[in-house]
Every structure is written in structure tokens, then in C-alpha cells.
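User: I am new to this structure and would like a close look at one part of it. Could you walk me through the metal site?

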Amino acid sequence: MNPQPTSTPPDIIRAAYAELIVTDLAASRAFYVGVLGLVVTHEDDEAIYLRAFEEYLHHSLVLRLGPVAALAALAYRVRSQDEVAVAADYYRELGVRVEPRAVGATRGIGEAVRVEDPLGFPVEFFYDAEHVERFTRRYDVHGAGAISRLDHFNVMTPDVEAARAYHEALGFTVSEDIQDSAGTTYAAWMYRKPTVHDVALTGGDGPRMHHIAFATHEQHQILHICDHLGALRQSDKIERGPGRHGVSNAFYLYLRDPDGHRIEIYTQDYYTGDPDNPTLTWDVHDNQRRDWWGNPVVPSWYSEASAVLDLDGVVRPLVARTEPAEAAVTIGADGFSYTREGEPSPEYKLGHQL
Ligand SMILES: O=S(=O)(O)c1ccc(O)c(O)c1
Ligand SMILES: [Fe+2]
């Protein structure tokens with residue numbers, strides 16, 4: 001693989017949609033439409049095309065029926081239809097698999113290109129897409145848990161530094177990251193749109209999809225989703241949170257869908273659009289980095305993630321992370337995390353699980 005292509009990278013605007021393989025469309029519909037309130041743009045026996053309320057493109061999420069729950073595509077919108085060809089050339093020079101996609105290969109999407117990126121992820125670049133009704137002001141259909149837009153992808157990959165360099169070459173900028181005193185990077189958040197991230201890199205065995213995140217405008221929408229799941233006696237779909245992130249400052253909730261795909265609902269991160277936006281680096285031992293209130297990260301959040309398909313629909317084999325694992329170093333090996341640097345935290349705030 002050519003690590004540093006000379007050709008121009010595609011001009012990526014934002015993380016736009018994800019395509020997930022689910023094993024039971026009805027169960028998935030009950031979750032994504034019945035609980036999360038996403039709008040159905042189109043549905044048939046094979047797939048459901050969903051959008052968040054502020055999305056005017058055909059969809060923010062495709063749920064496609066299949067035998068194995070997995071990620072089928074992460075799709076970025078580029079600035080013009082010409083940028084699709086730029087993307088194809090860039091990835092051909094990278095020496096990875098490039099598959100042009102005809103108009104309608106994905107319902108509602110025009111001529112596009114899908115690649116197997118250097119990290120092993122199936123990524124689509126598109127511009128032309130069908131415009132549909134934007135439900136921004138359709139308060140008559142917004143539920144109490146109204147989701148406004150897709151915000152970011154979080155991918156699990158063994159070498160975060162290499163993944164960071166690959167995304168920087170694509171024109172992404174790091175807003176925040178987590179490192180240790182030896183310079184190991186455990187996670188990084190990178191953006192094209194002027195918010196904290198379009199993609200986050202989580203160190204771990206990969207390629208795996210850690211989560212897809214949707215944004216709401218306010219905390220009460222996230223709290224309603226929790227209450228709604230409680231009313232359905234489906235509180236087991238709540239994996240982590242609600243809480244306040246240290247990184248990004250967002251108020252967050254992590255859910256697991258009927259297939260175990262992790263979905264984050266997220267609100268109140270911040271603007272990053274000036275050219276000199278400062279990068280914030282967190283110490284991996286800072287107990288407030290992942291939850292500003294110091295609440296522990298549940299072990300499954302570090303260890304579990306969705307399988308990823310190649311462009312033939314085959315699950316990608318995993319590459320093991322060789323650098324230290326965050327879950328091991330924050331409260332394990334050296335036995336400490338801190339709320340205030342230099343002061344030991346009490347056991348109950350170290351996040352040990354019973
Ligand atoms: O848990 S972290 O505060 O590191 C975090 C920050 C932003 C995110 O989108 C996320 O998934 C996780
Ligand atoms: Fe996230």
C-alpha cells in the first residue's frame with residue numbers, strides 16, 4: 001500500500017450515513033423507529049432507509065437484512081460530484097480496492113465510489129443524492145426524543161497513530177486525543193465539519209465499528225429515550241450513561257440495538273471551525289476524560305464492537321492491537337487514575353467493576 005499518495009484527497013464535507021447489516025428488520029425497526037423516532041424514507045423486505053429530522057438527503061442510516069450483524073459502509077459526503085472521481089483516483093493510488101457504484105446502487109444515492117480503506121473499513125464517497133422533506137420544523141411528528149442528525153462514526157483500529165496519519169492526509173484535523181506519558185495514543189477525535197468529530201479512532205483489535213452517533217439538540221431528548229426504554233422494560237438496551245463526556249464535552253448515552261450494534265445519542269459538543277482550533281490532549285489516567293463526572297466506563301464499552309464487511313460482504317479478520325489497552329492501563333497495571341493529578345482516587349471512583 002502506498003502510505004502517502006501524491007494525488008489530491010477528496011474534499012470531504014461530513015460523515016453522512018452508515019449502512020448496517022441487521023438480522024431482524026422488524027426488531028430493528030421497533031428500535032430505530034419505535035424508540036429513537038427516526039423517519040422512514042423508504043422500506044421494503046430487504047432494507048429500511050432512515051433519516052434524522054434535520055437530514056434532507058435520502059437517509060442517515062440504512063438497515064439491510066442479512067445473516068450476520070456487521071457494518072456494510074461508512075459514507076462521507078464530498079463537496080461536489082467531481083470529488084467522487086477524485087476519491088476513486090486517490091484510493092487507487094493508495095493501492096486499495098476501489099468499486100465505482102452506479103446511480104441507485106444504494107437507493108437515494110447517485111454515482112458514488114466504495115473503497116476498502118487502509119484500515120480495513122468499507123467507506124463510500126458520494127455527492128448526488130435524492131432530496132426529501134426536511135423534518136426540522138415538523139414538531140407534529142418529533143417525539144420527545146427527537147434526533148436531529150447523524151454526527152459521527154467511531155471506529156476501532158489497532159494502530160491509532162497510523163489511523164490518525166491516514167485521516168490527516170485526508171484533511172481531517174484532531175480536536176482531542178488521549179495519550180500516556182510515553183506518547184502512546186489510545187484514542188483520537190477528528191473532524192471535517194466544524195464540530196468535535198466526524199470520525200473517532202478507538203485503539204483496539206480491528207477493523208471493528210465501535211459506534212454510530214446521532215445528535216439531539218438538548219439533554220431532555222436523551223433523558224426521554226432512557227425513560228422510553230424503561231417504560232418498555234428494555235433498559236438492557238442502555239449500555240453506558242447518560243453522562244457528560246470529558247472529551248468533546250457532550251452529554252451522552254450509549255445504546256445497543258437488537259443486534260448489539262452500539263448507537264450513541266449525543267448533544268452539546270462544541271465548534272471547531274477556526275483554522276487554529278486548539279487540540280486538547282487528555283492523560284489516559286485522568287478519571288474525567290471519558291466521563292466528566294468520573295463515572296466508570298463499563299468493560300463492554302472497551303471490549304465489544306461490530307464486525308466489519310469487505311466489499312464482497314465477507315467479515316474482515318481482526319488485527320490485534322499491540323500497544324497497551326486503555327482498559328488495562330487506566331485502573332489496572334499501575335493501579336491508579338486520578339481526579340486531581342498527584343492525588344490517589346478512592347477505590348469507588350477508580351471504576352472497578354464488581
Ligand atoms: O468517552 S469519551 O469522552 O472519550 C467520548 C467522547 C466523544 C464521543 O463521541 C465518544 O463516543 C466518547
Ligand atoms: Fe461517540
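Which residues coordinate the iron ion (ligand 2)?

Analyst: Happy to help. This is a predicted model, in which local features need pLDDT of at least 70 and side-chain atom pairs count only at pLDDT 80 or more, while totals for chains, interfaces and linings use all residues. Residues are numbered from 1 along each chain as its sequence is written, chains are lettered from A and ligands numbered from 1 in the order in which they are written, and side-chain values use heavy atoms, leaving out hydrogens and water.

The iron ion (ligand 2) is held by H152 (NE2), H211 (NE2) and E264 (OE), at 1.9 to 2.1 Å. Donors here are N, O and S atoms within 2.8 Å of the metal (3.2 Å for Na, K and Ca); water is not among the atoms, so sites may look incomplete. Along the sequence, the donor residues follow the spacing H-x58-H-x52-E. H211 sits in strand β13 (residues 208-215) and E264 in strand β16 (residues 262-267), 53 residues apart, so this pair links distant parts of the chain. Strands are DSSP runs of E, at least two residues long, numbered from the N terminus.

Both are buried (under 20% relative accessible area, with a 1.4 Å probe and protein chains only): H211 has a relative accessible area of 2%, and E264 has 1%.

E264 also appears in another setting: it is among the residues closest to the centre of the largest cavity, together with W189, H245, Y254 and R290.

Methods:
Helices (H or I, at least four residues) and strands (E, at least two) are DSSP runs, numbered from the N terminus. Buried means under 20% relative accessible area, exposed over 50%, partly exposed in between (1.4 Å probe, protein chains only). On a 1 Å grid over the protein atoms alone, a cavity is a set of points where a 1.4 Å probe fits but cannot get out, and a pocket is an open set with protein on both sides within 12 Å along at least five of seven lines; lining residues have an atom within 4 Å of a point.
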